[in-house]
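Here are a few warm-up exercises with worked solutions. Have a look at the structure first, then try each task before reading on.

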Amino acid sequence: MNSSNSPNSEPTSLNPDANEPFVKISSELLITLLTPPFLGALLGGKAVSQMLQSMGQASEEVFRGDRLPVLNFPHSEED
């Protein structure tokens, strides 16, 4: 009896690493490559947050009226 024809035998492959990925990348290399973009995104988000907060404070000052110019209207003389 041939063992390759039995229904319980696993199929044999010519390439034993056929199920393995083509390129193996270590986790340390992935962490090294992904750290700068992650830190850049964090710092960029913080900068955008601070910019939006300062813009909000500046617009609040305008709406409060402290920074608006004083308008001089001519007075009409009543006879």
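**Exercise 1.** Find which residues form a nonpolar patch on the surface.

Solution. Pick out Val23, Ile25, Leu29, Leu30, Leu33 and Leu34, which together have about 570 Å² of accessible area. Areas here come from the Shrake-Rupley method with a 1.4 Å probe, and for residues only the protein chains shown count as cover. Patch members have over 30% relative accessible area and no salt bridge, with nonpolar side chains joined within 5 Å. A salt bridge would put a Lys or Arg side-chain nitrogen within 4 Å of an Asp or Glu carboxyl oxygen.

The model is predicted: local features need pLDDT of at least 70, and side-chain atom pairs pLDDT 80 or more, while totals use all residues. Numbering starts from 1 along each chain, and side-chain values use heavy atoms, without hydrogens or water.

**Exercise 2.** Decide whether Val23 is buried or exposed.

Solution. Start with its place: the segment before helix H1 (27-64), helices being DSSP runs (H or I) of at least four residues. Next, take its relative accessibility, 52%. Exposed means over 50%, buried under 20%, so Val23 counts as exposed.

Key:
Patch = residues over 30% accessible without salt bridge, like charges linked within 9 Å, V, L, I, M, F, W, Y side chains within 5 Å. Helix = DSSP H or I, 4+ residues; strand = E, 2+ residues; numbered from the N terminus. Buried < 20%, exposed > 50% of the residue type's maximum accessible area, 1.4 Å probe, protein only.
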